[in-house]
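Here is a friendly walk through the model shown below. Keep it open beside the text and follow along from heading to heading.

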Amino acid sequence: MTDAILPTHKLLPGADLEEADLAGQNLQGVNLAGARLMGANLSRSILIGALLEGANLISCQLIAADVRANLMGANLMQADLTEADLRGANLRGANLMRSHLHRTFLAGAFLSGANLMGVNLQGADLRGTDLRGANLSGANLQGANLMQADLQGAIVTEANLEEANLQGANLAGANLAGANLLCAELEQSNLDGANLAGACLVGTVKA
Amino acid sequence: MLEGSILYQLRAAHQPGQVGKRPLNFGVYYKNTLVALCHALEDCILDCQSQPLVITAFQRGKWYLEEADRYADLAAHSQQVVIMAAPDAGFAEHPTSQRENVELISLQADDPVAQEWHLMILAPTYAAMVLCQELMAEDYSVQGVPTHDLERKFYGFWTFEANLVQETMELAIAHIQPYNPSLAAQLTAQMQHIAQAQAQTQGRDDLGTIVARVIDYLQASQVDLNGRPVQSALDPHWVSLDTNLVSNEVQAFLRMAQLTDQADQLNPNAAAEVAALAEAIGQLLNLPVWQLNRLRLAGLLHRLAPLQQSQTMLTAGTFGRYAEDDPTAAPSCPLIPGAQVLRTMPQLRAIATIITHLTEQWSGNGQPGNLAGDAIPLESRILGLVIEFQQQLAQVKQQQPDSPDQALAALAACQQAVSDRWDPKLVEALALLVSGFQQGLQLPVNSPKISAGLWMVDSHCADDLYDVTT
């Protein structure tokens, strides 16, 4: 389906919109739960309040889109989320592996249990995000702002957190084995029960 | 961190809870960055209005020997130069080492300072310092120990804060004491003499010129990196090295703005508070996030512009780029020195424009461009208003420390000039924010982590805004 024009608030759960060109469309509040949107072009679209729970968004283009939406359990593998606005979005349990997150705005997003293995979030603003139990193994979080973020029980093995700001962050029970925390800001952060085997803590208050 | 090292001792003195001491934030520096940074700060000695005391740590004598010819010139413009390093062949024999005002300290092999890279410069009119320690082999994580010399990693910080330089020099002199007691006594006397002279003179070397030189040297290093052949040993890692250089260019500006804050005893937290307020107004206006980030960075850097003096300094034509009576000249506005420094970094072009137009007025009667209404860049309008509000608030807090209506009083002062000086819709947004404060809203005000300011730069900061100065 290409060149689709979708009226807002239309209920389209489970719709088949593979490869659809929805660039720049106003899709505020649309119900696309479980929809198949593989490879669709949603760049610069407005998806505020949309229901995309469990949607298949593999390889979707969401460049500069406003996706402050419900994406719980959605599959965003290889999606291009460059400059997309995901502030406060519900991404619980979503799969973001291999997605492009350059200049993506995720402050306050709910990412508990999400799969963020190996993603590049260098310098990202992740203030106050809920990353409980998320998988950030091997992710690049160099210089990221994770103030007050909740990483309880998260898997952060071999991640790059060099110069990251983790002030007030909750890392209780997180697995940070082999992580690079060189010069990370750890003031008032909670590392109770965290696994720091082989992690580099040089230049931090904890070293 | 190595116990007994100077960085270790300084951090211990700045642990949270130490009275009057701000905790230190450390950043990561490649050797590549440190070379450019130190060369810039050292070369400022050549133009310094007064003669500094210079204490350095070079790790090994061979690193000093690479710089020894330059150090002859630096010594000629300094009171005293001290070189600490583990001795290598030729270390003491170099002609610079023989100079009367150059002293060498041959560090013992197990001295932790032999793992450190320091440059401390203290003069009555100029203070700068780089304080770093090299990473141990086991501290390099998965990416492994670097193969190229310029990729060696250090951690620590650098600063223009004279009090911190002096505090660190005291630690360095104490370290020199067992090696050379008479030199230590002489250095203490010289340092105290400089501190006195500093207190007595108002004059300082122009920080804008110093920062411009730092930017220039770091940029030259970037050009050098980008010009390397593709097969170079550095190739896979040049991006990290390049990022580290850009990060330090931003740091130079943030550190410059930080000094203005520290020198203002009545309003020492202006940069961070203005940034938080501007971001909040931007959120009320539903601005896109990249613009919020750009607004925040402009807020943190706004003190680069000499606003307090702007009313008198900016009389039209006093320092315009073009002569006023030249009818063929393109329309232009006077140059704002602080904003001009920002223009040396293309990545911050938009920030420079925003700061240049902070003093415009909604009515069109402002400077430097006589812009009116929506022709004034939105972020300049927001920041101009927020700066005024924050200054009023700081004053009210001084005058009525117990009043519950401090924010209302500061708002009323801004409302007096609505439509004349300020954009009415922005004053409305500010009023909304103030009513939030009255009901208990609190804004998180965080001093920037200067070593990692890079996350804000990537937000259309290089855009060309509408700007009449071009």
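## Chain B at a glance

Chain B is built from 17 helices and seven strands. The model is a predicted one, so please read every value here as computed from it. Chain B has 470 residues, and 45% of them count as buried. Among the contacts in chain B with a separation of 6 or more, 71% join residues 24 or more positions apart.

## Helix 1 and its buried side

A good place to begin looking is helix 1 of chain B, which spans residues 6-13. Its buried residues are B:Ile6, B:Leu7, B:Leu10 and B:Arg11. Because these four cover an arc of only 130 degrees around the axis, they sit on the same side of helix 1 of chain B.

What lies over them? The cover for the buried residues of helix 1 of chain B includes three strands, namely strand 5 (116-123), strand 6 (126-134) and strand 7 (153-159), together with helix 5 (162-176) of chain B.

## Where helix 1 meets helix 5

Turn now to the pairing of these two helices. The axes of helix 1 and helix 5 of chain B come within 10 Å and cross at roughly 130 degrees. An angle over 145 would count as roughly antiparallel and one of 65 to 115 as roughly perpendicular, so helix 1 and helix 5 of chain B are oblique to each other. Their crossing is right-handed.

On the helix 1 side of chain B, the residues taking part are B:Ile6, B:Gln9 and B:Leu10. They meet B:Thr168, B:Leu171, B:Ala172 and B:His175 in helix 5 of chain B. Sorted by class, this contact holds four nonpolar and three polar residues, and no charged ones. Both B:Ile6 and B:Leu10 also belong to the buried set of helix 1 of chain B.

## Helix 13 and a cis proline

Further along the chain, helix 13 of chain B is mostly covered, with seven of its eight residues buried. The buried ones are B:Ala350, B:Ile351, B:Ala352, B:Thr353, B:Ile354, B:Ile355 and B:Thr356.

The loop between helix 13 (349-356) and helix 14 (378-399) of chain B contains B:Pro368. Have a look at the peptide bond leading into this residue: from B:Gln367 to B:Pro368 it is cis, with omega near 5 degrees.

## A partly exposed glutamine

B:Gln262 belongs to helix 8 of chain B, which covers residues 238-263. Is B:Gln262 buried or partly exposed? It has 14 other C-beta atoms within 10 Å, and because a buried residue needs 20 or more, B:Gln262 counts as partly exposed. B:Lys62 is 200 residues away from B:Gln262 along the chain, and their C-alpha atoms are separated by 38 Å.

## Two glutamates in chain A

Chain A offers a pair of backbone details worth a visit. A:Glu83 has phi near 60 degrees, a positive value in a residue other than glycine. A:Glu163 likewise has a positive phi near 60 degrees, and it too is a residue other than glycine.

How do their surroundings look? A:Glu83 counts as buried because it has 22 C-beta neighbours inside 10 Å. A:Glu163 counts as buried as well, with 29 C-beta neighbours inside 10 Å.

## Where the chains touch

Finally, consider the contact between the two chains. Chain A contributes 24 residues to it and chain B contributes 18 residues. On the side of chain A that touches chain B, nine residues are charged, eight are nonpolar and seven are polar.

Note on methods:
Residues are numbered from 1 along each chain as its sequence is written. Chains are lettered from A and ligands numbered from 1 in the order in which they are written. This is a predicted model: local features need pLDDT of at least 70, side-chain atom pairs count only at pLDDT 80 or more; totals for chains, interfaces and linings use all residues. Two residues are in contact if their C-beta atoms, placed from the backbone, lie within 7 Å. Ala, Val, Leu, Ile, Met, Phe, Trp, Tyr, Cys and Pro count as nonpolar, Asp, Glu, Lys and Arg as charged, and the others, Gly among them, as polar. A residue is buried if 20 or more other C-beta atoms lie within 10 Å of its own, exposed if 12 or fewer, and partly exposed in between; C-beta atoms are placed from the backbone. The arc is that of the directions from the helix axis to the C-beta atoms. Axes are lines fitted to C-alpha atoms, for helices over the stretch in contact, and angles run from 0 to 180 degrees between N-to-C directions. Angles under 35 degrees count as roughly parallel, over 145 as roughly antiparallel, 65 to 115 as roughly perpendicular and the rest as oblique. A crossing is left-handed if the near helix is turned anticlockwise from the far one by less than a right angle, and right-handed if clockwise.
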